[in-house]
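Here is a short round of questions and answers to read alongside the model. Have the viewer open and follow along.

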Amino acid sequence: MKRLWLLLLASLLLGPVAGAQGRAEWVEEMTRIAGPVLENLAQGTLKANMPFESSSKDPLRKEVSYLEAFGRTVCGIAPWLELGPDETPEGRLRAKYIDLTIRAFQQAVDPDGPDRLVFDNRHTQPLVDAAFLAEGVLRAPTQIWGRLDARTRQNLVDAWKTSRSIRPYESNWLLFASIIEAALLEFTGDCQPDRLYDGVTRFRYKWYKGDAWYGDGEDYHLDYYNSLVIHPMLTEVLQVLDKHAWPEADFLPEQLRRHGRFAAELERLISPEGTFPVIGRSIAYRFGAFHALADAALLHILPEGIDPAQVRCALGSVIRRQAAAPGTFDGNGWLRVGFAGSQPRMGEEYINTGSLYLCMAAFLPLGLPETDPFWSRPDADWTSRKAWNGIDVGADHAR
């Protein structure tokens with residue numbers, strides 16, 4: 001904690017952290033957050049040791065919180081794992097986390113294991129986190145899917161198919177069904193086309209509002225769900241459709257353009273001090289609000305004129321600031337409900353300890369090698385930092 005406070009002070013006084021140091025700091029923070037989830041699930045002790053902090057009175061909410069923690073952790077850490085092990089210190093650490101993740105999958109879908117996770121319709125929530133799990137596996141086909149033994153693969157496929165018994169709401173939830181079917185198409189060659197296409201066609205033809213913003217259903221909501229779910233999952237599903245030459249794949253280029261534009265908008269929301277607007281539901285996902293920006297950096301779809309290094313420095317400033325807030329972690333390293341520390345009333349009733357791990361999505365650029373411009377280019381101020389320091393950043397307009 002002392003180190004994080006020193007880093008925070010240094011960033012405020014001196015500016016962005018240097019690239020190489022920034023990557024090491026990101027890896028340290030990511031594994032710090034992921035560690036309790038993956039280590040406990042790999043040992044079959046997640047249900048015994050993970051706390052449950054929530055205002056929910058739902059008797060089943062705790063039981064589904066464990067899949068929330070696992071699915072969201074895998075969603076964020078997967079691209080880094082996909083780089084594979086090597087003989088560098090970071091590569092050896094990746095080897096450790098690849099092993100933990102594979103053992104965690106074995107436990108998660110073992111029908112007779114102590115940490116068997118809930119995927120069925122006893123509750124609607126498993127559809128959400130089966131989807132984040134699918135998104136993660138799609139992001140690491142070699143190091144996750146490729147390393148699973150045949151029995152665990154079949155158990156995972158059966159778990160995803162079990163989630164079909166849950167009917168998605170007319171909202172971003174349609175994309176949860178879509179990405180699960182996309183994963184089944186990718187890894188088994190078989191899927192339910194209706195569930196796959198419902199999300200794609202609804203967002204493509206009915207719910208686009210303009211300037212890279214989709215409605216969450218028919219209505220527009222001023223929150224971070226375009227980043228948390230909609231752009232990353234819609235892009236991922238379309239990439240699978242494109243790979244398999246399925247209908248609607250022709251929408252991918254336009255979606256990539258929209259995704260990039262939305263990422264640029266998110267980058268502009270990061271203040272010179274590394275803060276961002278506290279608005280909309282699920283704000284307790286902390287820096288997970290920048291899922292779409294992190295994904296755009298990973299996919300190299302940032303618009304022309306945005307230096308990847310400025311995104312690195314902007315995201316790093318947010319991660320550093322929120323992770324260093326007193327009360328963010330409990331005494332055993334688990335996340336606590338809040339935005340900047342422990343603020344339990346900032347979590348809706350569906351928010352619980354497991355939900356908070358969607359913050360892991362901000363770490364997606366760690367899937368880029370250290371030679372990538374995101375990591376190798378010199379530090380660069382981000383848009384709002386430049387503008388507030390008197391630099392002419394030019395005009396912004398809808399695209």
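Contact here means heavy atoms within 4.5 Å. Please keep in mind that this is a predicted model.

Q: Is L127 buried, partly exposed or exposed?
A: Let's start with its place: L127 sits in helix α6, residues 125–139. Buried means under 20% relative accessible area. L127 has a value of 0%, so this residue is buried.

Q: Which residues does L127 touch, not counting residues up to four places away in sequence?
A: One partner is I180, which is 53 residues away from L127 in sequence, with a C-alpha to C-alpha distance of 8.7 Å. With residues up to four places away left out, the contacts of L127 are S163, I166, P168, W173, F176, A177, I180 and R195.

Q: How far does the backbone nitrogen of N172 lie from a polar atom of the side chain of D216?
A: D216 belongs to the loop between β2 (213–214) and α10 (225–243), and it is buried at a relative accessible area of 9%. Beyond four places in sequence, D216 touches E170, S171, N172, H221, Y225 and R281. For N172, the backbone nitrogen and a polar atom of the D216 side chain are separated by 2.7 Å.

Q: Which residues form a nonpolar patch on the surface with I279?
A: I279 lies in the loop between α11 (252–269) and α12 (291–298). Patches take residues with over 30% relative accessible area, and I279, partly exposed, has 34%. The patch has about 280 Å² of accessible area together, and I279 shares it with Y220 and L222.

How values were computed:
Residues are numbered from 1 along each chain as its sequence is written. This is a predicted model: local features need pLDDT of at least 70, side-chain atom pairs count only at pLDDT 80 or more; totals for chains, interfaces and linings use all residues. Side-chain values use heavy atoms; hydrogens and water are left out. Patches are made of residues with over 30% relative accessible area and no salt bridge: like charges are joined within 9 Å, nonpolar side chains (Val, Leu, Ile, Met, Phe, Trp, Tyr) within 5 Å. Accessible areas come from the Shrake-Rupley method with a 1.4 Å probe; for residues, only the protein chains shown count as cover. A salt bridge is a side-chain nitrogen of Lys or Arg within 4 Å of a carboxyl oxygen of Asp or Glu. Helices (H or I, at least four residues) and strands (E, at least two) are DSSP runs, numbered from the N terminus. Buried means under 20% relative accessible area, exposed over 50%, partly exposed in between (1.4 Å probe, protein chains only). A polar contact is a pair of N or O atoms within 3.5 Å; within protein, one must be able to donate a hydrogen and the other to accept it, and residues adjacent in sequence count only if both atoms are side-chain atoms.
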